[in-house]
Amino acid sequence: MTAMEHDADVIVVGAGPGGSATAYHLARHGVRVLLLEKTEFPREKVCGDGLTPRAVKQLVSMGVDTSPEAGWLHNRGLRVIGGGIRLELDWPELASFPSYGLVRTRLDFDDLLAKRAVAVGAELRTGVNVMSPVLDATGRVVGVNAEVGPDKVPTAFHAPLVVAADGVSGRFPLALGLAKREDRPIGVAVRRYYRSPAKHDDNYLESWLELRSKENPDKLLPGYGWIFGMGDGRVNVGLGVLNSSSAFGKTNYRRLLTDWLATTPEDWGMTDDANADGPILGAALPMGFNRVPHYTRGVLLVGDSGGMVNPFNGEGIAYAMESGALAAEVVAQALARPAGAERERALAQYPAELKARYGGYYRLGGIFVKLIGRPEIMRIATRHGMPHPTLMRFVLKLLANLTDPRGGDAMDRVINAMTKVAPAV
């Protein structure tokens with residue numbers, strides 16, 4: 001097959017934040033990119049809908065207007081509740097990241113990002129369900145097999161390179177034999193929207209380190225919770241449980257959510273199902289590079305498909321968009337080289353750079369996950385850590401991965417040194 005017969009230079013599978021960011025940056029590099037999405041926009045995704053300054057930076061780099069007038073609710077930082085203490089921590093003032101976070105429903109967030117990719121030249125096709133890779137005689141991926149439209153018309157699309165950004169299911173990498181690694185952390189999250197005039201326009205993201213039930217307030221429930229105001233009369237409320245917890249896989253997570261919410265003030269509107277806006281929905285959180293290699297046989301893995309959720313805080317969107325931007329940069333350089341050994345040498349930079357950026361940090365995150373999976377350690381950490389605002393500001397920087405790599409303060413230098421010393425996952 002000649003280059004003229006290719007449908008694109010690169011096919012991106014999945015138009016979530018990672019896929020759309022990849023397509024956007026590829027198009028900006030002058031690469032012909034075909035972005036394939038199995039659903040139609042707008043479409044709902046299970047998510048906390050909260051964006052840290054790390055994600056905001058990626059939106060700005062895509063030319064997204066993040067002003068309140070454009071429909072974004074800004075937040076100042078994180079409110080942490082635990083150990084009988086309520087602590088408000090502002091996002092750090094850094095050169096590398098903005099000092100505000102955002103909230104926006106995934107219902108139109110993903111649509112907005114896909115449109116940004118189209119605006120700079122990417123071709124988006126929705127209703128295209130990618131089923132498997134197209135392989136050449138050597139086993140290299142040279143395209144995708146898909147079912148197109150409501151009639152599920154079998155169609156093959158061809159390109160020299162494919163980016164798998166198909167989320168936690170990772171059906172495309174699975175078809176290549178890339179299974180999840182069981183030795184890496186994974187979480188489960190459930191969330192629900194509630195109408196809450198009292199909390200909907202909160203200017204802090206709210207994180208609950210201790211969850212209790214009304215029936216037995218002395219017993220800690222597994223997991224951690226969040227309440228994020230949406231700014232439209234609703235809140236996004238949810239909880240996450242990590243696989244380091246003895247309750248993982250053995251708990252009715254939906255019941256767990258309602259048990260916790262029964263302890264919240266009535267005027268918040270979360271104790272009554274009548275205030276709910278939709279069902280309780282759940283999703284897995286693939287963390288700490290739980291699927292590798294991130295490049296093989298003409299395929300690059302981006303975001304959740306490559307297990308890039310931050311083990312410290314469950315954040316996935318920022319890392320999906322960052323890995324998408326990196327993949328685009330590497331691919332643009334690779335496509336400028338002749339196919340073969342020289343191009344492969346360029347493509348090998350993608351997993352190497354991912355490991356350099358996140359490997360040590362994710363290793364620390366894996367240790368953190370094992371520790372907080374034990375309720376007695378979580379109880380001690382909450383009781384003795386929460387009363388110390390300086391320590392908690394350090395914890396916020398560590399958990400949100402918000403430091404300046406050069407010229408930062410003492411906290412930045414300690415965190416950066418820890419991630420460099422930690423062996424990469």
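This passage walks through the sheet, helices, ring contacts, charge pairs and backbone oddities of the structure. The model is a predicted one.

We can start with the sheet. Six strands make up an open sheet with mixed pairing, and their order is 8-2-1-12-21-20. At the edges sit strand 8 (123-126) and strand 20 (295-296), each of which pairs on one side only. Inside that order, strand 1 (residues 10-13) and strand 12 (residues 161-164) run parallel and are joined by 4 bridges. One such pairing puts Val13 opposite Ala164 of strand 12. As for annotation, an unreviewed UniProt entry places the feature "domain: FAD-binding" at residues 7-179. In the model, the span 7-179 is 23% helix and 34% strand, with its end C-alpha atoms 28 Å apart.

Helix 10 (residues 389-400) makes a handy geometry check. Its 12 residues, at 1.5 Å a residue, should span 16 Å, and the end C-alpha atoms are indeed 16 Å apart, so the two agree. Buried residues in helix 10 are Met392, Phe394, Leu396, Lys397, Leu398 and Ala400; a lysine is thus part of that list. Right after helix 10 comes Asn401, with a positive phi near 55 degrees.

Next, the rings. There are 12 aromatic pairs in the structure. Trp208 and Trp268 make one of them: the ring centres are 6.4 Å apart and the planes stand at 90 degrees, so this pair is edge-to-face. The two partners come from distant parts of the chain, 60 residues apart, with Trp208 in strand 14 (residues 204-208) and Trp268 in the loop between helix 5 (253-261) and strand 19 (281-286). Both Trp208 and Trp268 are buried. Tyr319 and Tyr358 are edge-to-face too, because their planes are at 80 degrees, with centres 5.4 Å apart. Tyr319 belongs to helix 6 (residues 317-335) and Tyr358 to helix 8 (residues 349-372), so this contact ties together parts 39 residues apart in sequence. Tyr319 and Tyr358 are buried as well. They also belong to an aromatic cluster that takes in Phe289, Phe312, Tyr361, Tyr362 and Phe368.

Rings meet charges in this model too. The charged end of Lys199 sits over the ring of Trp268, 4.3 Å from the ring centre. Likewise, Arg104 has its charged end over the ring of Trp72, at 4.7 Å from the centre.

Lys199 turns up again among the salt bridges, of which the structure holds 24. Together with Arg79, Glu88, Asp202 and Glu206, Lys199 is part of a salt-bridge network. Elsewhere, Glu322 and Arg54 form a salt bridge whose closest N and O atoms are 2.6 Å apart. With Glu322 in helix 6 and Arg54 in helix 2 (residues 53-61), the pair ties together parts 268 residues apart in sequence. Glu322 is buried, at a relative accessible area of 7%, and Arg54 is buried at 10%. Glu37 and Arg43 form another salt bridge, at 3.5 Å from N to O, and both of these residues are buried.

The Lys115 and Asp111 bridge stays within one helix. Their closest N and O atoms are 3.3 Å apart, and the residues are about one helical turn from each other because they lie 4 residues apart in helix 3 (residues 106-119). Here the burial is split: Lys115 counts as exposed at 54% relative accessibility, whereas Asp111 counts as buried at 14%.

Finally, the backbone has a few quirks. The Phe41 to Pro42 peptide bond is cis, with omega near -5 degrees, and Pro42 lies in the loop between strand 2 (33-37) and strand 3 (50-51). Val292 and Pro293 are also joined by a cis peptide bond, with omega about 0 degrees. Pro293 sits in the loop between strand 19 and strand 20, and that loop also holds Phe289. Phe289 has a positive phi, near 60 degrees, in a residue other than glycine. This member of the aromatic cluster is buried, at 3% relative accessibility. Arg297 is another non-glycine residue with a positive phi, about 50 degrees. Its place is the loop between strand 20 and strand 21 (299-301), and at 34% relative accessibility Arg297 counts as partly exposed.

How values were computed. Residues numbered from 1 in each chain as written. Predicted model: local features only at pLDDT ≥ 70, side-chain atom pairs only at ≥ 80, totals over all residues. Heavy atoms only, no water. Phe/Tyr/Trp six-rings, centres within 6.5 Å; stacked < 30°, edge-to-face > 60°. Helix = DSSP H or I, 4+ residues; strand = E, 2+ residues; numbered from the N terminus. Buried < 20%, exposed > 50% of the residue type's maximum accessible area, 1.4 Å probe, protein only. Lys NZ or Arg CZ within 6 Å of the ring centre and 35° of its normal. Expected span 1.5 Å × (residues − 1). UniProt positions renumbered as here; feature names shortened; annotations may be inferred. Pairing = 2+ DSSP bridges. Salt bridge = Lys/Arg side-chain N within 4 Å of Asp/Glu carboxyl O.
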